[in-house]
Structure formats: structure tokens, C-alpha cells
Amino acid sequence: MLARYFGPKDLGLLSFIQSMSAVFLFLVVLGLDRFIIGSLVSSSRYKLSIILTSTIMRFIGWLIYSICLFLCVFLFTKADSLIYLMLLEVVSVFLLNVITVRYLLEADGSAKELTFSLLASRVIGLTYLFLAIYNDFSF
């Protein structure tokens, strides 16, 4: 569906942004997922400290990631339409990786809440995609 809507040129630009994003994503994730959950499970006294510290670390990584992505795209392409796609990518990476509340839900064994939040995020993403295609948003 995206390929038909974007066409070859714009789909190529979207793929370029996604691949550049994947190259720099390690700056945000930092390989801490299992460590955060393990720390939350093993030390219940320091949950707030662990969540705040990991969120701050990931936020700083996200800032560096965002700068690297913007610089890379502006250095290698001349397309003005990429700014919207970059902003969408940067915001989605922020929402998916910087907000660490889901680790608290995983550590507490709150499967229902975690499932609901994951489903809600997918529904919101798909709704935006369909609205963008239906309303012919320009990217």
C-alpha cells in the first residue's frame, strides 16, 4: 500500500531515512533493555531511580541520534520533503525507545496493561497511516 502511494522516488527516500535511522538507533537503545528489566525485578527499592536514570540516558542518546540523522540526511540528500519524514521517524523513535514505562510494566508482570498499551500504540499508528493516505497528506 505504501509503495503504491509513495511511488518509487518517495518510497526510496522513506527507505533511506529508515536505514539511516537504523544505523544510529544504537545511540538510543544502548543495549539496556534486559538490564533495566532485570534491575527492576531484583531491586524494588530503586525502581524510580532506575527508570529515571535509564530515561535520561536514552533521552541524551536520542538527542545525539536526532542530530546525526538530520546531519546525515541533509549532507547526502537535497530533498526538502524529507523534513516531515525525518520528524516522524525521530518522534516515533522517541516514543518507542525513550519512554521506559513499559519496562516497569514488564518487571511487575502487568501483562494486561502492557498488552493494552502495545495494542493502543499499533492502532494509533495504523490510524495515522490510513488518515494520511485517505486525506492525501504530503510528506
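This passage describes the helices of a predicted model, the contacts between some of them, and the nonpolar cores.

In this predicted model, local features need pLDDT of at least 70 and side-chain atom pairs count only at pLDDT 80 or more, whereas totals for chains, interfaces and linings use all residues. Residues are numbered from 1 along each chain as its sequence is written, and side-chain values use heavy atoms, with hydrogens and water left out.

The secondary structure of the chain comes to 7 helices and 0 strands, where helices (H or I, at least four residues) and strands (E, at least two) are DSSP runs numbered from the N terminus. Along the principal axes, the C-alpha atoms fill a box of roughly 50 × 35 × 15 Å. Of the 139 residues in the chain, 30% are buried, a term that stands for under 20% relative accessible area with a 1.4 Å probe, protein chains only.

Two packed helices are described by the angle between their axes and the distance between the axes. Axes are lines fitted to C-alpha atoms, for helices over the stretch in contact, and angles run from 0 to 180 degrees between N-to-C directions. The axes of helix 3 (residues 33-42) and helix 4 (residues 47-76) come within 9 Å and cross at roughly 165°, and the two helices are therefore roughly antiparallel (an angle over 145 degrees). In this pair, Asp33, Ile36, Ser39 and Leu40 of helix 3 meet Lys47, Ile50, Ile51, Ser54 and Arg58 of helix 4, contact being defined as heavy atoms within 4.5 Å.

Helix 3 also meets helix 6 (residues 101-108), their axes coming within 9 Å and crossing at roughly 50°. Helix 3 and helix 6 are therefore oblique to each other (neither under 35, nor over 145, nor 65 to 115 degrees). Here Asp33, Arg34, Ile36, Ile37, Leu40 and Val41 of helix 3 make the contact with Tyr103, Leu104, Glu106 and Ala107 of helix 6.

The largest nonpolar core has 18 residues, and those with the most contacts inside it include Ile17, Trp62 and Tyr65; such a core is a set of buried Ala, Val, Leu, Ile, Met, Phe, Trp, Tyr and Cys residues joined through side-chain atoms within 4.5 Å. At least two residues of this core come from each of helix 1 (2-24), helix 2 (26-29), helix 4 and helix 5 (82-98), with the largest share, 6 residues, supplied by helix 5. A second, separate core of 8 residues includes Ile36, Leu40, Ile51 and Ala107.

Definitions and conventions
Buried < 20%, exposed > 50% of the residue type's maximum accessible area, 1.4 Å probe, protein only.
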